[in-house]
Amino acid sequence: MADLAPFTLAVVGAGPRGVGVLERLGANAGELLGGRRLEVHLIDPFPPGPGRVWRYDQSPLLRMNSMPEDVTMFTDDSVRMAGPVRRGPSLLEWARQVRAGGLDADVPSDVVAELTALDPFDFPTRRLQSAYLTWVYRKVVEDLPDGIDVVEHAARATGVDGDTVHLSDGTAVAADAVVFTVGHLDAEPDDRERELVAFAARHGLAYYPAGYTADVDYAGVEPSETVLVRGFGLAFVDLMLLLTEGRGGRFEDLPCGGLRYHPSGAEPVLHVGSRRGVPYHAKIGYRLRGKTLRLPRFFDAYAIDALAGDVLDFRRDVWPLVAKELAWGYYSELFTGHPDRVRLDFAVFADAFADLDWNSPAMRDLVARAVPAEADRLDLDRLDRPMAGRTFGTAEEFGKELRKYVEADLARRADQEFSADLGAFMALLSVYGQLPVLVHNGRLAAGSQVSDMDGWFHGFFSYYASGPPPRRLEELLALHEAGIVSFAGAEMRVTAERGVFVASSASHPETVEARTLIEARLPDPSVRRAADGLLRQLRDAGELAEETVADPGTGASLPSGRIHTRVSDSRLLDGTGRPHPHRFAVGPHTSARSAAAFTRPRTNALSFRQNDAVAREILALVSPPS
């Protein structure tokens, strides 16, 4: 095959996911490449490795919400894949090796001090993660075998015409295959957001639709003005920092603990709320005390296959298994890590627990007998909606209660006496990795899939398992004490009336008027509202479709917003459902629903498995088997 022209692969997106696919191409080349050369074109206007989200050119105030020992770009023997394992350092191991002089890494001077002091329980800046991802990319390219070449294009892919990928700098790449390594999809405003945009324009207001916080220009937000913020997750945390410390304010560590905020005078007043009315839980700052968890125990592929019925409803059929898995992780750690707080031997409890349906009277009785303190029992409903059904006379009363809630969360997430929470956290991670099986086998009802799995359950996962570093919640309390942040309450509602935005909630009767409204969240995935010109072109040509599933009640097709791919091999499906032989897409907003491109070590990460599978599909195109 040496006389054949090189096989050309265009990888649209050179961030962590694109680099992950490149790493798997190199790892599998020895088995599958054959004698033909492979030329990989990495297409991204942002630096290869970090890409857009993790680029170095962003505020040094912005941090990851993961600890450095929980971040890796390299496979290990937990990953169940066809290709070989290629081990490499986690972010923490990389930092230690760089400090010891064992790795040649070009670390920017601005993060040298952070790298030198990095601790396993720190939350690194996104700039330090950018340096790690840059090193990973260079390492992957350096380790590529003979026969694979890489060409970088610091440009945006603007269109695909047959086998040609057109770039924003005028370059045309003739590609035998294309991989779209898409992250979160930017989307144009939806119908309700367009109404608010128009209302703001008519009345001289400011409205900021959903978007990636680090990319939005908030310079128009005036000092001291009241701003309504809808969303209490990670996007809000970034916004909070950029509009306070990012405008010259300063946090002071107090001798007795906690923080005091010293305003610069340039800050607005943020009035924040959401459906839950509370911020995401702080990240846990300790390790398990008990025996190694066996996960997943009740929500593995065998249990999913055994679910009765051709079409499943997430709440009715799937959630009981998920909830039982979370409880298994929680009680496993409680019994083995804190045996003084239970009344049964763990083996006896585990046998009885395994035979009972989630939340059945018999299970509730078992937990009541085995766990004497009600505070030690897992209450998922209360955990999901801590302010549901609670009303207060004034916003001030609600604010005091929310402070107590945040202070209790900070204390709990720092105290290993509550390590059962970490057991539930680990179980939730194991569950999340199994969800694509439901999509793959096509048995999940569309209505419940869109509203419950992609909506409610994903929100619950983020709220419980993907919250901010604890210091961010300490900063939130300090900003509230300083009068910079106030709390709207649960079930926040914003109306456009009388020429202003008006916020109300179910938590108290007071309302707040403002001339600025910010949606502090990423946009929901939507192929129909895709902001990217390349995706729009492919969509309009019928070459890229939005995933839909038939509603079992009406037979109607309901859109999920995600790029429709064949889950087994990540091939793009067109408007008629046909897989494209040479085009692939991987990422969280495809049918496969994978999580982040990098992940915790030793978790059989879905993204790694998908990267390996798509790399092997591509190599089979390069050198078809005899």
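**Exercise 1. Determine which residue forms a salt bridge with Glu-546, and where the two partners lie.**

Solution. In this predicted model, Glu-546 forms a salt bridge with Arg-528, and their closest N and O atoms are 3.1 Å apart. Next, locate the partners: Glu-546 belongs to strand 18 (residues 546-550), while Arg-528 sits in the loop between strand 17 (516-519) and helix 17 (533-540), so the pair ties together parts that are 18 residues apart in sequence. Finally, consider accessibility. Glu-546 has a relative accessible area of 13% and is therefore buried, the limit being under 20%. Arg-528, at 57% relative accessibility, counts as exposed because the threshold is over 50%.

**Exercise 2. Trace the salt bridges of Arg-403 and classify the residues involved as buried, partly exposed or exposed.**

Solution. Step one concerns Glu-407, which forms a salt bridge with Arg-403 at a closest N and O separation of 4.0 Å. Both residues lie in helix 12 (residues 395-414), four residues apart, or about one turn of the helix.

Step two concerns the other partner, Glu-481, whose closest N and O atoms with Arg-403 are 3.8 Å apart. Here Arg-403 is in helix 12 and Glu-481 in helix 16 (residues 470-481), so this bridge ties together parts that are 78 residues apart in sequence.

Step three assigns the accessibility classes. Arg-403 is buried, with a relative accessible area of 17%. Glu-407 is partly exposed at 38%, and Glu-481 is exposed at 60%.

**Exercise 3. State how many salt bridges the structure holds, and identify the residues linked with Arg-52 in a network.**

Solution. The total is 46 salt bridges. Arg-52 is linked with Arg-55, Asp-186 and Asp-215 in a network of salt bridges. As background, side chains of opposite charge can pair when their charged atoms come close.

**Exercise 4. Describe the open sheet of five strands, from its strand order to the helix lying across it.**

Solution. Begin with the order, which is 8-17-9-12-13, with parallel pairing. The edges are strand 8 (206-208) and strand 13 (485-489), each of which pairs on one side only. Neighbouring strands are turned by 20 degrees against each other on average, direction ignored.

Then examine one pair in detail. Strand 12 (residues 269-273) and strand 13 pair in the parallel sense over four bridges, and Gly-273 stands opposite Gly-489 in strand 13.

Lastly, place the helix. Helix 6 (residues 234-242) lies across strand 9 (226-230), strand 12 and strand 17, and runs at about 175 degrees to strand 12.

Conventions. Residues numbered from 1 in each chain as written. Predicted model: local features only at pLDDT ≥ 70, side-chain atom pairs only at ≥ 80, totals over all residues. Heavy atoms only, no water. Salt bridge = Lys/Arg side-chain N within 4 Å of Asp/Glu carboxyl O. Helix = DSSP H or I, 4+ residues; strand = E, 2+ residues; numbered from the N terminus. Buried < 20%, exposed > 50% of the residue type's maximum accessible area, 1.4 Å probe, protein only. Pairing = 2+ DSSP bridges. Axes fitted to C-alpha atoms, helices over the stretch in contact; angles between N-to-C directions. Contact = heavy atoms within 4.5 Å.
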